[in-house]
Amino acid sequence: MELTPLYIISQVAGLFGILFSVLIYQQRTHKAMLILKMLSDIMWLVQYLLLGGYTGVAVTCIALCRSTVFYFYEKKVRTAPKPWLIAFILAAIVSAVFTWKNFLSIFPTVGSIIAVISFWQRKPKNTVYFSYAVSAFMLVYHVFATHSISATVNEILSVTSSTAALIRSKIEKNKEQKETENVLPQ
């Protein structure tokens with residue numbers, strides 16, 4: 001990959017995308033996760049546009065819309081109705097059809113579908129579990145299609161962040177359980 005000004009700017013956008021993406025899985029509320037997801041999506045949208053990753057652009061536009069819709073339902077302390085879930089899954093599939101470049105175009109589409117399901121439900125811990133599959137599909141796309149160093153690093157750091165969040169959650173649960181056991185009469 002040639003170090004053109006557009007490529008360098010795309011990588012800077014990717015660095016901000018990484019920052020927001022890593023922070024997503026460290027949040028304790030679904031609302032905070034969605035806010036960081038929107039910021040991350042904006043950065044990745046800029047990067048894909050500059051790199052010519054048009055399937056990534058389409059999928060990220062859908063992700064940005066999805067995060068926005070889910071955020072407004074989250075503010076009402078509700079899960080978005082199932083028609084939204086179906087609409088965003090169909091949008092991911094349609095975007096793949098219209099932006100098809102080669103077989104690698106399927107990877108961000110599948111990753112997007114998994115992410116739709118992940119962020120549709122409101123349990124942060126489940127979103128963290130789904131993130132592993134999303135990262136796996138996106139990693140293949142980044143390594144072989146866009147050749148984006150920052151996006152590849154992002155997927156590796158996202159998996160690390162997800163793992164840290166699960167470990168932290170387990171430690172906190174064990175601590176609460178021990179505290180409860182110490183308070184209960186024997």
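F137 comes out as partly exposed in this predicted model, with a relative accessible area of 27%. Its ring has a partner in F107: the two centres are 6.0 Å apart and the planes meet at 40°, so the pair counts as tilted. What makes this pairing worth a look is where the partners come from. F107 belongs to helix 5, while F137 belongs to helix 6 (residues 124-146), and 30 residues separate them, so the pair links distant parts of the chain.

The F107–F137 pair has company, as a search of the whole structure turns up five aromatic pairs. Another one joins Y71 and F72, this time edge-to-face, with 5.5 Å from centre to centre and 75° between the planes. The two partners fare differently when it comes to exposure. Y71 is buried, its relative accessible area being 14% and therefore under the 20% cut-off. F72, on the other hand, is partly exposed at 46% relative accessibility. There is also an aromatic cluster, made up of F70, W84 and F88.

F70 turns up again in the packing of helix 3 (residues 54-75) against helix 5 (residues 106-120). The axes of these two helices come within 10 Å and cross at roughly 5°. With angles under 35 degrees counting as roughly parallel, helix 3 and helix 5 therefore run roughly parallel to each other. On the helix 3 side, the contact is made by T55, V59, R66 and F70; facing them from helix 5 are P108, T109, S112, A115, V116, F119 and W120. Sorted by class, this contact holds seven nonpolar residues, three polar ones and one charged one.

T109 deserves a closer look among the helix 5 residues in that contact. With a relative accessible area of just 3%, T109 is buried. Leaving aside residues up to four places away in sequence, T109 touches T55 and V59 as well as A92, I93 and A96. T55 and V59 are the helix 3 residues already met in the helix 3–helix 5 contact.

I113 also sits in helix 5. Setting aside sequence neighbours up to four places away, I113 touches I89, A92 and I93. A92 and I93 are thus contacts of I113, and they appear among the contacts of T109 too. I113 also pairs up with A63 in a long-range sense: the two are 50 residues apart in sequence, yet their C-alpha atoms are 9.5 Å apart in space.

Past the end of helix 3, things look rather different in character. V77 is in the loop between helix 3 and helix 4 (82-99). The phi angle of V77 is near 55°, a positive value in a residue other than glycine. V77 is also exposed, since its relative accessible area of 58% is over the 50% mark. As for K76, its charged end sits over the ring of Y73, at 5.6 Å from the ring centre.

Finally, S161 takes the story to helix 7 (residues 149-183). Although serine is counted as polar, S161 is buried, with a relative accessible area of 4%. Residues up to four places away in sequence aside, S161 touches V22, Y25 and Q26.

Methods:
Residues numbered from 1 in each chain as written. Predicted model: local features only at pLDDT ≥ 70, side-chain atom pairs only at ≥ 80, totals over all residues. Heavy atoms only, no water. Axes fitted to C-alpha atoms, helices over the stretch in contact; angles between N-to-C directions. Helix = DSSP H or I, 4+ residues; strand = E, 2+ residues; numbered from the N terminus. Parallel < 35°, antiparallel > 145°, perpendicular 65-115°, else oblique. Contact = heavy atoms within 4.5 Å. Buried < 20%, exposed > 50% of the residue type's maximum accessible area, 1.4 Å probe, protein only. Phe/Tyr/Trp six-rings, centres within 6.5 Å; stacked < 30°, edge-to-face > 60°. Lys NZ or Arg CZ within 6 Å of the ring centre and 35° of its normal.
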